[in-house]
Amino acid sequence: MDILIASTKIAVVLAAMLTSVVFLVLVERRMSAFIQNRIGPNRVGPYGLLQSVADVVKLLMKEDIVPAKANKPLHDLAPIISIAVAMTTFAVIPFGNAIELFGTTIKLQIADVNIGILYILAITSLGVYGLTLAGWSSNNKYSLLGGLRSSAQMISYELSMGLAIIGVILMAGTLRLDVIVEKQTEYLLGWLPAWNIFLQPVAFITFFIAAFAETNRLPFDLPEAEPELVGGFHTEYTGLKFGLFFLAEYMNMITASAIVVTLFLGGWHLPYADMLGLSGFALSILQVLTFCGKIVLVLLFFIAIRWTLPRFRYDQLMSLGWKVMLPLTLANALVTALILLAF
Amino acid sequence: MLDNYIPIFLMIAVGVLFGIIMVKLNEWLGPKRPSEEKLTTYESGMEPVRTARERFSVKFYLVAVLFILFDIEVVFLYPWAVSFKSLGWLGFVTMTVFVVILFLGFVYVWRKGALEWD
């Protein structure tokens, strides 16, 4: 029975994520077109809604070219690692409070483990392997440089990411994500929701910046800086293997937004929702919708940033990560602990 | 206890399978018309110069080494962060000493110029 419930949750979450990627890509393309005063894709289906579906079918029918000098097994393995990592990170994120269904209470979280945050850090660092292997196995100088750059960038920002989360753990005293969200449902001074964005602003900003770097999004998209490295690590990829990297990038964006929402923006908590007098079931649905709504807002912010900011230079990127973010997050962790102990 | 991890293993299996199926599906559906030119390494249309299996900047290794060093520090901070209330001031002072020692190392690395990219 448990397995059945778990499989249902996995199926629902993965289906929801794949569908959101389809629309996210379209939203990004339409929004970039709007920002650049273009029209954007609007021919396939009403308002271009089926554009991404058409793109997937097109990629599926393309020739899978593996360069003669490339390492074929690793060349095939790299996109599989990327997509598997992108699909599994969501497992520990609570997307709603417990829900009453057919007389049983179901927790809206795929895997209820007590090391939630550590799991996320562990799985996301596996993503580096996908990019590095893709870069190395292609036996192409652009790919190699792109792969190296992305791995150096991702591990650098992983430090600040891990240290920023320490502030949140100090507030909650646990690694469980459901408890972290529950702590945020209280109110400060009687009216302000106790979201970590208000309690840990420094951690929030540094974590958000690190999330941009971890997902290789502009202004941190050095790994695939087109003018100098062509496509970066995926220069030698065609067809759906390229599509898998693309899909993984967008899924990582959704997961990163979900993590930001869970850790800092109160997760599924809708302030004052319990005063509406809704039934338990309706309230749970409302909370799931709140969670999705918050993710959408963060995603729109991600996209708006991408189309308004220029790209960093590599030395600026590394010095921001090591010389600014690392000391800042370390100080934030110690100061948080000091304040919590003193009061 | 370990039961909680079954959904995770299930999800990893689904992810890996999804990747394999998609790669195989593409290989099966796509055309196969290889030619010598098509299979050469892409270098902006020029004849490829040597291979990519060459030496690259040592800076990348340095970043990796520094990462391991500081990531271990982060890992040590996690258990303390979970139980720091029961550890109290003694735990805080111990951790501060630990972080300060590592921070001295960080300052040394910085002064040595290991964080500069030219």
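Trainee: Let me start with F34(A): is it buried or exposed?

Mentor: Exposed, with 12 other C-beta atoms within 10 Å. A residue counts as exposed if 12 or fewer such atoms lie within 10 Å of its own. Keep in mind that this is a predicted model.

Trainee: Where in the chain does F34(A) lie?

Mentor: F34(A) lies in helix α1 of chain A. If you want a sense of distance, take S151(A): F34(A) and S151(A) are 117 residues apart in sequence, and their C-alpha atoms are 33 Å apart in space.

Trainee: Moving on to backbone angles. What is notable about the phi of N37(A)?

Mentor: The general idea goes like this: most residues other than glycine have a negative phi. N37(A) is not a glycine, yet its phi is positive, about 60°. You'll find N37(A) in the loop between α1 and α2 of chain A. It is exposed, with 6 other C-beta atoms within 10 Å.

Trainee: And what phi does Y47(A) have?

Mentor: A positive one of about 55°, and Y47(A) is not a glycine either. Y47(A) also sits in the loop between α1 and α2 of chain A. Its surroundings put Y47(A) in the partly exposed class, with 13 C-beta neighbours inside 10 Å.

Trainee: Next, helix α2 of chain A. Which of its residues are buried?

Mentor: In α2(A), the buried ones are Q51(A), S52(A) and L59(A). They cover an arc of only 95° around the axis, so they lie on the same side of α2(A). As background, an α-helix has 3.6 residues a turn, so residues three or four places apart point the same way.

Trainee: What covers those buried residues of α2(A)?

Mentor: The cover includes α1 (2-35) and α10 of chain A.

Trainee: How do α2(A) and α10(A) pack, then?

Mentor: Helix α2 (residues 51-60) and helix α10 (residues 239-264) of chain A pack at about 140°, with their axes 7 Å apart. To read that angle, you need one cut-off: roughly antiparallel would take over 145 degrees. The pair is therefore oblique.

Trainee: Which residues meet there?

Mentor: On the α2(A) side there are V56(A), L59(A) and L60(A); on the α10(A) side, G239(A), L240(A), F242(A) and G243(A). By type, the contact has 5 nonpolar residues, 2 polar and no charged. Notice that L59(A) appears here and is also among the buried residues of α2(A).

Trainee: What about the packing of α5(A) and α12(A)?

Mentor: Helix α5 (residues 141-172) and helix α12 (residues 314-342) of chain A pack at about 15°, with their axes 8 Å apart. That angle makes α5(A) and α12(A) roughly parallel to each other. The crossing of α5(A) and α12(A) is left-handed. Their contact residues divide into 16 nonpolar, 8 polar and 1 charged.

Trainee: Last one: how many residues of chain B are in contact with chain A?

Mentor: People often give the size of an interface as the accessible area lost when the parts come together. Here we count residues instead: 54 of chain B are in contact with 61 of chain A. On the chain B side, α1 (6-29), α2 (59-82) and α3 (84-111) each supply at least two residues. α1(B) gives the most, with 18 residues.

Trainee: What types of residue make up that side of chain B?

Mentor: The side of chain B that touches chain A has 38 nonpolar residues, 9 polar and 7 charged.

Note on methods. Residues numbered from 1 in each chain as written. Chains lettered and ligands numbered in written order. Predicted model: local features only at pLDDT ≥ 70, side-chain atom pairs only at ≥ 80, totals over all residues. Contact = placed C-beta atoms within 7 Å. Helix = DSSP H or I, 4+ residues; strand = E, 2+ residues; numbered from the N terminus. Nonpolar A, V, L, I, M, F, W, Y, C, P; charged D, E, K, R; others polar. Axes fitted to C-alpha atoms, helices over the stretch in contact; angles between N-to-C directions. Parallel < 35°, antiparallel > 145°, perpendicular 65-115°, else oblique. Left-handed = near helix turned anticlockwise from the far one by under 90°. Buried ≥ 20, exposed ≤ 12 C-beta atoms within 10 Å, placed from the backbone. Arc of directions from axis to C-beta.
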